[in-house]
Amino acid sequence: MSSEMAPLLQVEGLRKWFDITRGVFGRKVGQVKAVDDVSFTVRSREVLGLAGESGSGKTTIGRSVLRLVEPSAGRVVFDGTDVTSLNTADLRRFRRRMQIIFQDPLAALNPQMTIEEVLSEPLIVQGIGRSDADRRNRAVELLDSVSLSSDYLKRRPGEMSGGQRQRIVIARALAVNPEFIVADEPVSALDVSIQAQIIALLIELKGRLGLSMLFISHDLAAMEYISDRIAVLYLGRVMEIGPSSEVCGNFKHPYTEMLISAVPQPEPGYQRKIFPAGEIPSAASPPSGCVFRTRCSYARPECAQIVPQLRKVAEDHYTACIRDDLSLSRVLL
Amino acid sequence: MARNSLLEVENVSVSFKSAQGPIRAVRDVSFRINPGEIVALVGESGSGKSTTGLATMQLIPSATVSGRICLTRKDGTKADLVSLSESDIRRVRGNEVAMIFQEPMSSLDPVFTIGTQMCEAARVHQRLSYRQAYAASIKALEAVGMPDPEKCMETYQHKLSGGMRQRVMIAMALSSKPSLLIADEPTTALDVTIQAQIVEYLKRIQKQTGMAILFITHNLGLVAEIADRAIVMYAGEIVESGSVSELFTRPRMPYTSGLLKSLPRLGRKKTLGTPIEPIPGSLPSPLALPSGCKFHPRCGHFVAGVCDTAVPELESSDQAHQVRCARWRDIARTAQ
């Protein structure tokens, strides 16, 4: 992906702080900094992966971009329009261009609705198709695009397997012809043999429909396959961002090194060279300076003072670490 | 069958009653675990891997279990867990065979402190005094890398992270020095960094104590990391078993090789250049199992009249490598 392409999505200084309240009057006693000053872009026809442990803020970022949660500060600009300033009616019109796929397909589908109703609902909401027949044709087309036959129109989610349900959730997201999709852990709840099917389907759809995507996952191996670039998040901040092969193979941030070395490798005899230390601290009281320093084996006293900014290490590749003298281990074979 | 094996599971079947008729969740499963060995039981949902683990401990009261599950006890005698009385099996559970589960939150009681629960287990199973139990619990927590064991003893489970809860569960499970630990997806609900820590501690403790582990998982990466041997299950049957290095380098059953090919591998996108190859289709429903080989509707090597007629036998393809596939010889020949 060349950097000359105009970004389709531009996120600037995004913050989401949740208040911690106590007592019957909801006295504010603190704040959880779920997302703290995050900036990135997604180019047209590009997949950006958001990687990180639970509590890294990856899901909150995905939802803030669609304004399913209201950001506390920052701007989300989609194709020249500031999404954060849209009113409800304009936002609804805008949602035609941006859709979301959730992790748990069983929870994301109404068990009472037939698949035809599931796939027609977004069309009705967005005023697409003049008649039921129109909408049914579109539903068949959508089923076909996720490799399901039209027999599924009359079925209900409970009669389907997890992988088939996730195909329906994807088809529903595609119903309004969006340009941009937030895929929030789309394969995590699925069986191993089904995960690969869904990843292959998403890659195929991306190519065929020219989709841009924010692919949120804790599974870096799957993410490397589908993403053009990857942003690694920790405690609501971007630690490293760059082309996926660089972030996974030539990483520059100690946290990326820790995360990648933790992934179990399906190679007998593989020996892990680095052991992940500690746990992610509470976002209500993040460490000063670099938020990762409490688990970092390369931390120095300065790391407690300075909040590291993203610095360029190569074309399109940035890291938020003040140490530029590190040679991180090539953990992989 | 070797004389010195710790656990011998022979022709075990587990079935449940349902409104649509009996569900035979596990069919004719046989395997053994030697002392000090780590064996992985691998499969997807519905494969019967967890049911097999639970049935070993006689923990499914609603199920009918047939077959023999023969445990060599610490005193050297052998006991068939299937025919043991409830009071006898309680002496086996915890003392000889311990179990940890996927969700440590639901395994701990929210209204008692961690210390109370740990001490209770130690007192019941090992008949220790309170003071001895407390000291033993602190030591057990240290062994699993708990940062501040004294403080942990005073807290409640909701104050602990998922990784810390699982450490408590492991410490409790190991307190009476079982000869076998059954770990049912113990790291599935955890982050990869915490998973790596837990697996490391399990491996370390296994080396120190020499206990055997039956590690139940769907994650092939973890299998390669932790196990000596692996048993692959599909739709309630063992379809392949062997040493981990054999299975990963020379899988004989198309399901196993399919799983390995469908796995995204970190840092290999560039070097391999090949996309992942998904296994088509979906897992069969236990109420409508395919005839013959249960994998045949999804198999690229399917031959009508061969694969869909008789259930293939689990046969030895090599020393200590077993496969359930009518066509494994043909497939192995064409692959060479």
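Student: What does "buried" mean for a residue, and which relative accessible area does C119(B) have?

Tutor: A residue is called buried when its relative accessible area is under 20%. The model here is a predicted one, and in it C119(B) falls under that limit and so counts as buried. Its relative accessible area is 1%.

Student: How many disulfides are there over all chains, and how far from C119(B) is the nearest cysteine sulfur?

Tutor: Searching the whole structure gives zero disulfides over all chains. C119(B) accordingly belongs to no disulfide, and the nearest cysteine sulfur is that of C152(B). The distance to that sulfur is 11 Å.

Student: Why is C299(B) not bonded to C307(B)?

Tutor: A disulfide joins the sulfur atoms of two cysteines by a covalent bond, and the sulfur atoms must lie within 2.5 Å to be counted as such a pair. The closest cysteine sulfur to that of C299(B) is in C307(B), and the two are too far apart for a bond because the distance is 6.3 Å.

Student: Is helix α11 of chain B mostly covered or mostly open, and how many of its residues are buried?

Tutor: Helix α11 of chain B runs over residues 254–261 and is mostly covered. Among its buried residues are P254(B), Y255(B) and L260(B), and the cover over the buried residues includes α7 (192–209) of chain A as well as α13 (328–335) of chain B. Of the eight residues in the helix, the number buried is seven.

Student: Which strands are at the edges of the open sheet in chain A?

Tutor: The sheet is made of four antiparallel strands of chain A, in the order β2-β1-β4-β5. An edge strand pairs on one side only, and this holds for two strands of chain A, β2 (27–43) and β5 (81–82).

Student: Which residue of β2(A) stands opposite W17(A), and over how many bridges do β1 and β2 of chain A pair?

Tutor: Strand β1 of chain A, residues 7–22, pairs with β2(A) in the antiparallel sense. The number of bridges between these two strands is twelve, and the residue opposite W17(A) is K33(A).

Student: Which residue lies over the face of F94(A), and which residues share a ring cluster with F94(A)?

Tutor: Ring pairs join F94(A) into a cluster with F78(A) and F180(A). At 5.6 Å from the ring centre of F94(A), the residue over its face is R97(A).

Student: Which charged residue sits over the ring of Y201(B)?

Tutor: In chain B, a charged end is placed 4.9 Å from the centre of the Y201(B) ring. The residue it belongs to is R204(B).

Methods. Residues are numbered from 1 along each chain as its sequence is written. Chains are lettered from A and ligands numbered from 1 in the order in which they are written. This is a predicted model: local features need pLDDT of at least 70, side-chain atom pairs count only at pLDDT 80 or more; totals for chains, interfaces and linings use all residues. Side-chain values use heavy atoms; hydrogens and water are left out. Rings of Phe, Tyr and Trp (its six-membered ring) pair if their centres lie within 6.5 Å; planes under 30 degrees apart count as stacked, over 60 as edge-to-face and the rest as tilted. A charge sits over a ring if NZ of Lys or CZ of Arg is within 6 Å of the ring centre and within 35 degrees of the ring normal. Buried means under 20% relative accessible area, exposed over 50%, partly exposed in between (1.4 Å probe, protein chains only). Contact means heavy atoms within 4.5 Å. Two strands pair if DSSP finds at least two bridges between them.
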